[in-house]
Amino acid sequence: MEALVTKDNIKKLIPQREPVLLVDELLNYSEEDATSVFFIPQDHIFVNQAGYLEESGLIENMAQTTAMHMGYEFYKNGVPAPEGYIGSIRKLHVYALPLSGTSIKTHITKLNEILGVVIVSAEVIYNDKIIAQGEMRLVQSN
C-alpha cells in the first residue's frame with residue numbers, strides 16, 4: 001500500500017520533531033479514521049536498553065497518529081496544522097512491546113469531536129496482533 005504522506009512531509013501534519021517523532025507515514029485517511037506506520041529505530045529516545053519501544057512511546061505514537069488525522073485536511077489545503085496536547089487517556093492496555101528495527105501500524109477511529117477536543121480509540125498493531133489499545137482525548141490549542 002502506498003502512503004498518502006511519507007516521512008518527507010510528516011512534519012507538515014504534526015508539530016512534533018526529532019527526537020520524539022513517532023510516525024513515519026500516513027497510510028490511509030477518512031473523516032472517521034486513519035492509519036500510520038512507524039519504523040522503530042534502535043537509537044530512538046523511547047527504546048529501552050533491551051531494544052523495545054516503551055509504553056510511553058506507544059502512547060505518544062497513538063497521539064501523533066491522531067494529530068496526523070487532525071492535520072491532514074489542513075495539509076491538503078496548504079494550511080499549517082493546529083497544535084494540541086493529550087487531554088486524557090482512558091482504557092489503556094499494553095499487551096506487548098515492539099522490538100526496534102521493526103515497524104508498527106496504528107489505527108485510530110474518531111469517536112467524537114466537540115469544541116476543539118477530539119476523542120479517538122486507538123489500536124497499535126505489531127506482527128498482525130494488537131499490542132496496545134485505548135481511548136484518548138486530544139485538545140487543539142490553537
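Helices are DSSP runs of H or I with at least four residues, and they are numbered from the N terminus. By that count, α1 gives the most to the lining of the largest pocket, with four residues. The model on screen is a predicted one. The tour starts with the whole chain and comes back to that pocket later.

**Whole chain**

Show everything as a cartoon. The protein has one helix and six strands, and from the N terminus on they run β-β-α-β-β-β-β. The radius of gyration is 14 Å, close to the 14 Å that the globule rule gives for 142 residues, so the protein is as compact as a globular protein of that length. Turn the C-alpha trace along its principal axes: the spans are about 40 × 35 × 25 Å. Of the 142 residues, 43% count as buried. Take the contacts between residues at least 6 apart in sequence: 63% of these join residues at least 24 apart.

**The core**

Next, select I14, L26, L53 and I104. These belong to the largest nonpolar core, which has 34 residues, and they touch the most other members. Colour the elements that give two or more residues to this core: β1 (25-29), β2 (33-39), α1 (55-76), β4 (103-114), β5 (117-126) and β6 (129-140). The largest share comes from α1, with eight residues. In soluble globular proteins, nonpolar side chains tend to be buried together.

Stay on I14 and show what surrounds it. Leaving out residues up to four places away in sequence, I14 touches L21, V23, Q64, A67 and M68.

**A polar stop in the helix: N61**

Select N61, which is found in helix α1. Is N61 buried or exposed? N61 is buried, because its relative accessible area is 0%, and the cut-off for buried is under 20%. Now show its contacts, again without residues up to four places away in sequence. N61 touches L22, V23, S36, F38, I104, T106 and V124. One of these, I104, was already selected as a core residue.

**The pocket**

Switch on a surface and find the largest pocket, with a volume of about 170 Å³. Which residues are closest to its centre? Of the 16 residues that line the pocket, they are Q16, A67, G84, Y85 and L138. A67 has come up before, as a contact of I14. The elements α1, β3 (84-94) and β6 each supply at least two residues of the lining. Colour the lining by residue class: 11 residues are nonpolar, three are polar and two are charged.

**A charged residue in β6: E135**

Move to E135, in strand β6. E135 has a relative accessible area of 19%. Buried means under 20%, so E135 counts as buried. Show the residues around it, leaving aside neighbours within four places in sequence. E135 is in contact with S88, I89, R90, K91, L111, V120 and S121.

**Last stop: D8**

Finally, go to D8, in the segment before β1. Relative accessibility at D8 is 71%. The cut-off for exposed is over 50%, so D8 counts as exposed. Draw a C-alpha to C-alpha distance from D8 to I45: these two residues are 37 apart in sequence and 20 Å apart in space. For a closing view, keep D8, N61 and E135 on screen together: D8 is exposed, whereas N61 is buried and E135 is buried.

Technical notes. Residues are numbered from 1 along each chain as its sequence is written. This is a predicted model: local features need pLDDT of at least 70, side-chain atom pairs count only at pLDDT 80 or more; totals for chains, interfaces and linings use all residues. Side-chain values use heavy atoms; hydrogens and water are left out. A nonpolar core is a set of buried Ala, Val, Leu, Ile, Met, Phe, Trp, Tyr and Cys residues joined through side-chain atoms within 4.5 Å. Buried means under 20% relative accessible area, exposed over 50%, partly exposed in between (1.4 Å probe, protein chains only). Contact means heavy atoms within 4.5 Å. On a 1 Å grid over the protein atoms alone, a cavity is a set of points where a 1.4 Å probe fits but cannot get out, and a pocket is an open set with protein on both sides within 12 Å along at least five of seven lines; lining residues have an atom within 4 Å of a point. Grid points are joined across faces, edges and corners, and a volume is the space filled by probe spheres set on the points. Ala, Val, Leu, Ile, Met, Phe, Trp, Tyr, Cys and Pro count as nonpolar, Asp, Glu, Lys and Arg as charged, and the others, Gly among them, as polar. The radius of gyration is taken over C-alpha atoms; the globule rule is 2.2 Å times the number of residues to the power 0.38.
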